[in-house]
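Could you walk me through this structure while I have it open in my viewer? I would like to know what to select next and what is there.

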Amino acid sequence: AKRDKALDMVISNRALLLIGPPMCRAFSRLQRMNMARMQPEKREHMIKEGMKHLKFCMTLYKLQIEQGRYFLHEHPYSASSWKLPAVQEVLGMPCVEMVKGDMCAFGMWQNTPEGKELVMKPTGFMTNAEEIAKAIGKRCTADHTHVKLLNGRAHRAEVYPDELCLKIVQG
C-alpha cells in the first residue's frame, strides 16, 4: 500500500527531485558482520525487504528520468547494493552518474567522550542531476580525525547534515 501511494505521488505530484535512500541494513558492511549471529528467518526477511525496496526505488528513478525530472540516490559507498543488477541498470543510463562524498566534508559529527568528532561515512550518490553531483561530490580533507561508527553510532549517522541538504538544493 505504501509503494502504491508513493508511485501515485511521484506520477501525480511531478516532483522536480526525488531523493531515495534505501534501507541500509540489508546492504551495509557493518550489518554483514552481524548477519551470522542473526536468526536465518530474520536475516532473510531483512534482505528480501531491502531488495524489494531498492528495486522499487530504481523503478521510481526511471520514471523520473522518463518524465524529464531528477532523482538522487544515496547509500554508503561500500554497500553491496551498488553491484546489484537493478542499480547497475540505472547507473548505466547515459544521463546518470555516481559520485563519492564524505559526510565529514558536510560537517557531520557526533559527540564522543573527547568532544565533537567528525564522521567520515564515505557515501555514494547516484543522480541524473549533473549540478547536484558536482555540489555533493566532496571528499575528506584529511586534516582531522573521525569517530568510528560502531556500537550504535551508524544508526545516528543516517540523518543528513544541514550543509549536505543545502548543497543538494543549490545543485
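Start by selecting Tyr 61, a buried residue with a relative accessible area of 1%. Keep in mind throughout that you are looking at a predicted model. Now add Phe 71 to the selection; Phe 71 is buried too, at 0% relative accessibility. How are the rings of Tyr 61 and Phe 71 arranged? Their centres are 4.4 Å apart and their planes make an angle of 15°, so this is a stacked pair, given that planes under 30 degrees apart count as stacked. Tyr 61 sits in helix H3 and Phe 71 in strand S2, so colouring by secondary structure shows the pair linking distant parts of the chain, 10 residues apart. The structure holds 1 aromatic pair, and you have just visited it.

**Next stop: Arg 69**

Move to Arg 69, in the loop between helix H3 (40-66) and strand S2 (70-76). Which side chain of opposite charge is nearest to Arg 69? That is Glu 66, but it is 9.0 Å away, and the buried Arg 69 has no salt bridge. A cut-off helps here: a salt bridge needs the nitrogen and the carboxyl oxygen within 4 Å. What you can pick out instead is the backbone oxygen of Val 10, which lies 3.1 Å from a polar atom of the Arg 69 side chain. To see the wider surroundings, leave aside the neighbours within four places in sequence and show the residues in contact with Arg 69: Val 10, Arg 14, Ala 15, Leu 16, Gln 64 and Asn 128.

**Charged pairs**

Side chains of opposite charge can pair when their charged atoms come close. A search of the whole structure finds 6 salt bridges, and a few of them make good stops.

Select Asp 102 and Arg 139, whose closest N and O atoms are 3.0 Å apart in a salt bridge. Asp 102 belongs to strand S3 (residues 97-102), while Arg 139 is in the loop between helix H5 (130-136) and helix H6 (153-156), so the bridge ties together parts that are 37 residues apart in sequence. Buried or exposed: which describes Asp 102? Asp 102 is buried, with a relative accessible area of 1%, whereas its partner Arg 139 is partly exposed at 42%.

Now go to helix H5 and select Lys 134, an exposed residue with a relative accessible area of 54%. Which residues does Lys 134 share a network of salt bridges with? The network links Lys 134 with Glu 130 and Glu 131. Take the two bridges in turn:

- Lys 134 and Glu 130 meet at 3.8 Å, N to O; they are 4 residues apart in helix H5, about one helical turn.
- Lys 134 and Glu 131 have their closest N and O atoms 3.1 Å apart; they are 3 residues apart in helix H5, again about one turn of the helix.

Glu 131 itself is partly exposed, at 43% relative accessibility.

**Two backbone stops**

Most residues other than glycine have a negative phi. Select Lys 121, then, and check its phi: the value is near 35°, positive in a residue that is not glycine. Lys 121 is in the loop between strand S5 (115-118) and strand S6 (122-127), and it is buried, with a relative accessible area of 14%. For another case, jump to Ala 142, where phi is positive at about 60° although the residue is not a glycine. You will find Ala 142 in the loop between H5 and H6, and this residue is exposed, at 66% relative accessibility.

**Cysteines**

Select Cys 57 and Cys 165. Cys 57 is buried at 5% relative accessibility, while Cys 165 is partly exposed, with a relative accessible area of 32%. How many disulfides are there? The count comes to 0.

**Zoom out**

Finish by clearing the selection and showing the whole chain as a cartoon. There are 7 helices and 6 strands, and read along the sequence they follow the pattern α-β-α-α-β-α-β-β-β-β-α-α-α. Of the 171 residues, 39% count as buried. If you draw the contacts with a separation of 6 or more, residues 24 or more positions apart account for 74% of them.

Key. Residues are numbered from 1 along each chain as its sequence is written. This is a predicted model: local features need pLDDT of at least 70, side-chain atom pairs count only at pLDDT 80 or more; totals for chains, interfaces and linings use all residues. Side-chain values use heavy atoms; hydrogens and water are left out. Helices (H or I, at least four residues) and strands (E, at least two) are DSSP runs, numbered from the N terminus. Buried means under 20% relative accessible area, exposed over 50%, partly exposed in between (1.4 Å probe, protein chains only). Lys and Arg count as positive and Asp and Glu as negative; His and the chain ends are not counted. A polar contact is a pair of N or O atoms within 3.5 Å; within protein, one must be able to donate a hydrogen and the other to accept it, and residues adjacent in sequence count only if both atoms are side-chain atoms. Contact means heavy atoms within 4.5 Å. A disulfide is a pair of cysteine sulfur atoms within 2.5 Å. Rings of Phe, Tyr and Trp (its six-membered ring) pair if their centres lie within 6.5 Å; planes under 30 degrees apart count as stacked, over 60 as edge-to-face and the rest as tilted.
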